[in-house]
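Here's a quick briefing on a structure for anyone who likes to see the cut-offs next to the numbers. Have a look at it first, then work through the points below.

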Amino acid sequence: MFLSAISSSLMPQFSSHLSRVVLRVSNILQLQQFHAQLIQHALHRHDYWVARLIAFCTHFHAPSDYICRIFDSIHQPGVMVFTNMLRYYSKCGGNNEILMLFEEMQNCGLKPDACVYPVVIKAAGNGGVLFHSQFVKMGLDSGKYIRNALLNAYGKYGPIEAGRLLFDEMTERSVADWNAIISGYWNWGCEGEAKRLFDLMPDKNVITWTTMVSGYSKMKDLENARSYFDRMPEKSVVSWNAMLSGFAQNGFSEEALSLFNEMVSTGVTPDETTLVTVISSCSSCGDPALAESVVKTLGDRGVCLNPFAKTALLDLYAKCGRLEMARKIFNELGVYRSSVTWNSMISAYMRTGDIPAANELFDQMPKKNVVSWNSMIAGYAQNGQSSLAIELFKEMINEHIMPDEVTMVSVISACGHLGALELGNWVVNFINAHHINLSLSGQNSLIFMYSRCGSMNEAKLIFDEMETRDVVSHNALITGFAAHGNGVEALKLMQKMKDEGIEPDRISYIGILTACSHSGMLEEGRKVFESINAPDIDHYACIVDLLGRVGKLDEARKVVEAMPVSPHAQVYGSLLNACRIHKRVDLGEFAANKLFELEPENSGNYILLSNMYASAGKWKEVDRIRELMKTRGLMKTTGWSWVEYDRKIHKFIVGDRSHEQSDEIYHTLAELKRKMKAAGYIADKSNVLRDVEDEDKEEMVGTHSERLAVAFCLLVSEQGTVIRVVKNLRICWDCHTAIKMISKLEKREIIVRDNNRFHHFKDNKCSCNDFW
DNA sequence: TTAGGGTTAG
């Protein structure tokens, strides 16, 4: 029957025989027999028959190299062969091949069939609309399918207004045209116009309704999505899938699973896409057993796992900690791995902290996309490798991969962890220059970054300018106030968030209590602590710290002894620190002994105790602790000190001479020493200079690297500017004294970060109110 | 031979 449409001039002499063969082709084997017949009759280069052959290949999913061989064997393909090749590539998503073939076809002087244009427009992506004016000139713009393809291109890539103009000009509009423009409006977030056209549309079909469901889902308006879904005159499996993914992608995985049950009990047969969404929902619920049972049940009904579903399953196993199962699927997928498969496996390794394995896959990955880079950058950041995260971000830019908001959240957060403000500011400029829009989580990360870098004014500015704020936004700012010892602002913010109807969570309370503690606000802190519904162990650590810092050491000890849960190291750490400040050796020894039981390997605790003895002038005890550390093999653990300068992080360690400006740094240090001597800072009980001369002791108190960092800052910074010493600068007693003196000698303000806390040194004074 | 649904990163 289909042969009757072919003009007789194209019919070769054996056509009647072949037509019988053609009619019998119903699988790939018969297709090959048909091919053999063509060769036998020397028709394997004839345009019409080869075109038929390619159409069969497309229909029966013949391997691509088989089809390419057929195409390549024709020296001068005609319009029909080209057309069917284009259709083949259209079916398997070979957009580049379509554009190349289309060009080749024109170069050969062949006039493409009108049916080719919609395929080419679709394949051209955002370039599809460029054909529009060409079609107008050629008089092709009245073609039904061409106009629909153009409408789709405008809907997907914009400008949507141009699509609307085309739509309005049309005298006859098909259902597909209406659907295309409505879908286009959803794509551009124009809910009002999408709804208006939906209401105006005369004959809506199931696709129209489904477009509305997925449109509202994408706008996170699940109430309306569900309402349209419930009102649909008929539902297809795609409609169910749209509603399912609406729930799944907006974090309502349990609702998705219950809708899936409803779908099955209604008698709708799920397809492979359903399976993908359901597996992903099981993954969010942390329920691999459910996913396995669904896979099995649907498998029994003939629904199989396509590469999408297999990737979803891989991700499920990865997230449930079954890495070997995930890797097995990854290996089995072979050529069917997509970039999503690779990315999922990379982040699986990063999640378990296996950076080398993630790195290996990243290097092997054939086509990296922005998510691949984001997975790596976030992975580094989450594994405490902030500097490497930033290095990778720079590499990404060098490779001309455009970062998105997700990239920036990781990078901003990495800058925050490093306390690298200059770098942070550069990142903010980058975001502005490239018009990267920051959502709530992006703005929250900015507040975190500025707070960690000590720029509270900037942090507040971001906070104040935000349209909506959540508990994380408030916590980021409260934690910043806490680090700066600003209890008043922290308490104000707590009240403000309550007024806005946002209930403080455990993190908020830790921040507020810390702020009170660093400001010496005993009564306010007590009140807050008493108001917490069920204070946890960290809240206890905060109140112990507060009581200890203000000198209520016995009360602090009573709280520790009366705690409903057994205290962790942080609780005893706070107590020991308080004992150091107030020189309460007896209680300090009690706390230290508890700490040595809980964390025998943590050299910081020994240093804290040693510093307590030092502040009390008990030098014999200081030496005893040093010996203890030596016998326990804890002398090697010396931290790096990091300084941010000119958007680079400079690292220093004890006895370090690896820095390229080492000579100048040591020279500056010696100069400082000379100035201090001249200013009379020699013979007092401070061990500042003693440490500089005694390498052994330096290692114990770990201040040499810090002083190198300070010397570096002095070296590179302009007179009078703020010096920013970042990360790992544990300010022990002598270092604190040293920086105070430096600030006076050099007449500058020095800002030093001590873990989460900032110290502003100016004119031999420090902003903190500890009793140093 | 047109229009609706899918997996990954913060």
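Buried means under 20% relative accessible area, exposed means over 50%, and partly exposed is in between, using a 1.4 Å probe and protein chains only. With that in hand, R549 and D545 both come out as buried. This is a predicted model, so to speak: local features need pLDDT of at least 70, side-chain atom pairs count only at pLDDT 80 or more, and totals for chains, interfaces and linings use all residues. Residues are numbered from 1 along each chain as its sequence is written, chains are lettered from A and ligands numbered from 1 in the order in which they are written, and side-chain values use heavy atoms, with hydrogens and water left out.**DNA strand B**

- DNA strand B is surrounded by 48 residues, where near means that a residue has a heavy atom within 4 Å of the strand.
- The closest of them are N179, S236, N241, D271 and N306.
- Sorted by type, the residues of this surface come to 15 nonpolar, 24 polar and nine charged. Here Ala, Val, Leu, Ile, Met, Phe, Trp, Tyr, Cys and Pro count as nonpolar, Asp, Glu, Lys and Arg as charged, and the others, Gly among them, as polar.
- Sugar or phosphate supplies 46% of the strand B atoms within 4 Å of the protein, and bases supply the rest.

**Polar contacts**

- A polar contact is a pair of N or O atoms within 3.5 Å; within protein, one must be able to donate a hydrogen and the other to accept it, and residues adjacent in sequence count only if both atoms are side-chain atoms.
- On the backbone of DNA strand B, a phosphate oxygen sits 3.1 Å from a polar side-chain atom of K319.
- On the bases, an N or O atom in the side chain of N374 is 2.9 Å from a base nitrogen, and a polar side-chain atom of D404 is 3.4 Å from a base nitrogen.
- N306, one of the closest residues to the strand, also has a polar side-chain atom 2.8 Å from the backbone nitrogen of A309.
- Where does N306 sit? Its place is the loop between α18 (288-300) and α19 (307-319); helices (H or I, at least four residues) and strands (E, at least two) are DSSP runs, numbered from the N terminus.
- N306 counts as buried because its relative accessibility is 15%.

**Salt bridges**

- The whole structure has 21 salt bridges, each being a side-chain nitrogen of Lys or Arg within 4 Å of a carboxyl oxygen of Asp or Glu.
- R226 pairs with D230 at 3.1 Å, N to O. The two are four residues apart in helix α14 (residues 222-231), so about one helical turn separates them.
- R226 also pairs with E262, at 3.6 Å, N to O. E262 lies in helix α16 (residues 253-265) and R226 in helix α14, so this pair ties together parts that are 36 residues apart in sequence.
- How accessible are these three? R226 is partly exposed at 23%, D230 is partly exposed at 46%, and E262 is partly exposed at 35%.
- R549 and D545 meet in a salt bridge at 2.9 Å, N to O. They are four residues apart in helix α33 (residues 537-549), which puts about one helical turn between them.
- Salt bridges with shared partners link R164, D168, E193 and R196 into one network.

**Nonpolar core**

- The largest nonpolar core has 209 residues. Such a core is a set of buried Ala, Val, Leu, Ile, Met, Phe, Trp, Tyr and Cys residues joined through side-chain atoms within 4.5 Å.
- Helix α3 (residues 47-59) gives the most to this core, with eight residues.
- F34, I182 and M408 have the most contacts inside the core.
- In soluble globular proteins, nonpolar side chains tend to be buried together.

**Annotated repeats**

- An unreviewed UniProt entry carries the annotation "repeat: PPR" for residues 78-112, 205-235, 236-270, 338-368, 369-403 and 470-504. UniProt positions are given in the numbering used here, feature names are shortened, and annotations may be inferred rather than shown by experiment.
- Residues 205-235 are 74% helix and 0% strand, with their end C-alpha atoms 10 Å apart.
- Residues 236-270 are 74% helix and 0% strand, and their end C-alpha atoms lie 10 Å apart.

**Two loop residues**

- G251 is in the loop between α15 (237-249) and α16, and it is exposed at 58% relative accessible area.
- G251 and K220 are 31 residues apart in sequence, with 10.0 Å between their C-alpha atoms.
- V565 is in the loop between α34 (553-561) and α35 (569-582), and it counts as partly exposed at 41%.
- V565 and I537 are 28 residues apart in sequence and 7.1 Å apart in space, C-alpha to C-alpha.
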